[in-house]
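Let's take a look at one small part of a protein model together. Have the sequence and the 3D view ready.

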Amino acid sequence: MNPLKTEPSLSLKMEGFETPATIAMSMRARELAAQGNDVISLALGQPDFFTPRMACDAAYEAALDGKTKYPPIDGVLSLKQAVQKKFKQENGLEYALDEIMVANGAKQILFNAFMATLNEGDEVVVPAPYWTSYPIMARFLGGKPVDVICAEENNFSLKAVDLRKVLTNKTKWLIINSPSNPTGAVWSRQDLLEIAEVLRDFPQVWIFADEIYEHLVFDGQEHYSLAVLAPDLKDRILTVNGASKTYAMPGWRVGYVGGPKRLIKAMLKIQSNSTSGASSISQAAATAALHHCDNDVAEMKEAYDRRRKMMKEAFSKMSGVTCAVPQGAFYVYPGIEGCIGKTSAGGRKIENDQDFAEALLEEQHVAVVPGHAFGLSPYLRISYAADDKVLEKACKRIAQFVERLQ
Ligand SMILES: Cc1ncc(COP(=O)(O)O)c(C=O)c1O
């Protein structure tokens, strides 16, 4: 072989590994903005608020105080204790310190958990619409994602009867994400109890309860942790949370989890051999956030609630668009069935939600994410974690885009 004709190759795992649609839309939005256009991006799921001052101060002090050595793999003790207290007081969940670990965001917890458990071909049941990382990560680590649709007429909640249809003896994981990204759905106590009942018949299934939007529930709704509603399943459940959404700290990269010691131990082995512990400075910030920032959370929640109502109001006036009232997180997930088959003012035929999102970006300079990225079409995911004035302007542009469809 002529060595000059070969080049270093990528792994086979990279085949079919696509850039998530959320990132792709944001990239295109950035390109258009760089060309001088006034682009509004509602494509990314991150709070628009600054991290609370007390968390920033704690990080600064930690840095000056020499908290700059390698942190323990499982998390610094003060943060683990704060997490333990949070689980007990807010959720009614008792976890021993060796049942808790801290990671570089909830995303790393997902990676660790799948890496620690999935064998080739194991099935991961992912209720759709879903956060895109669940199926991508499952596939990447040898698992087989299996969708189960949470329909709009069921308030985008998972129904036990639908779950039972997809569980098999190959199922290794069920993902539960309430409040949900991308729909904002908050699954009811009754739905969760019925889901637990089904899971009792499948004792080999782990449950990934992603509660990262827990604090963002509106209209007097309540968030329920599955491990509380079904304590007999607790030794199969990972209760996952983090600082990113609640405390407006996505860049600090702090996630945490409570779960069975056996699984946490395996996940720690993976973390110790990959990234090591999460940044010591970020952990100091997250500790302060958990102890002292309830008021900041309440203020942010009030703003999200106001914006949520504004979005709902704006979308309910658009013909051809349906919009359920989201009761949690900071997304709306309007349906655009009534727009399919029409043509935009710029001459683009709207055959699906991808066409809609692309035309909206090119013609009105508003970036949103097409529902197909989350496993349920034709919908759009719109993040309202943006300034009120910006949202108002975005809604006007979307309304204009819809009005001009023919
Ligand atoms: C449902 C859900 N889980 C987890 C994450 C990741 O959170 P982190 O920033 O802690 O990695 C996100 C971020 O978008 C999310 O939407």
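A polar contact is a pair of N or O atoms within 3.5 Å; within protein, one must be able to donate a hydrogen and the other to accept it. Keep in mind that this is a predicted model.

## A serine tucked away

Start with Ser383, which you'll find in strand 12. Is Ser383 buried or exposed? Its relative accessible area is 1%, and buried means under 20%, so Ser383 counts as buried.

The side chain of Ser383 has a polar atom 3.3 Å from the backbone nitrogen of Ala385. Beyond its neighbours within four places in sequence, Ser383 also touches Leu42, Leu44, Phe330, Tyr331 and Leu391.

## The sheet around it

Strand 12 belongs to an open sheet of three strands, in the order 9-12-11 and with antiparallel pairing. Strand 9 (331–332) and strand 11 (369–370) sit at the edges with a single partner strand each, so one side of each has no neighbour in the sheet.

Strand 12 covers residues 380–383, and two bridges join it to strand 11. In one bridge, Val369 is partnered with Arg381 of strand 12.

## Helix 12

Now for helix 12, with its twelve residues (353–364). From first C-alpha to last, helix 12 reaches 16 Å, close to the 16 Å expected. At the N-terminal end, Asn352 acts as a cap: a side-chain oxygen lies 3.2 Å from the backbone nitrogen of Gln354. After helix 12 comes His365, with a positive phi near 55°.

Buried residues of helix 12 include Phe356, Leu360 and Leu361. Among the elements covering the buried residues of helix 12 are helix 1 (21–34), helix 13 (388–403) and strand 12.

How values were computed:
Residues numbered from 1 in each chain as written. Predicted model: local features only at pLDDT ≥ 70, side-chain atom pairs only at ≥ 80, totals over all residues. Heavy atoms only, no water. Pairing = 2+ DSSP bridges. Helix = DSSP H or I, 4+ residues; strand = E, 2+ residues; numbered from the N terminus. Buried < 20%, exposed > 50% of the residue type's maximum accessible area, 1.4 Å probe, protein only. Contact = heavy atoms within 4.5 Å. Expected span 1.5 Å × (residues − 1).
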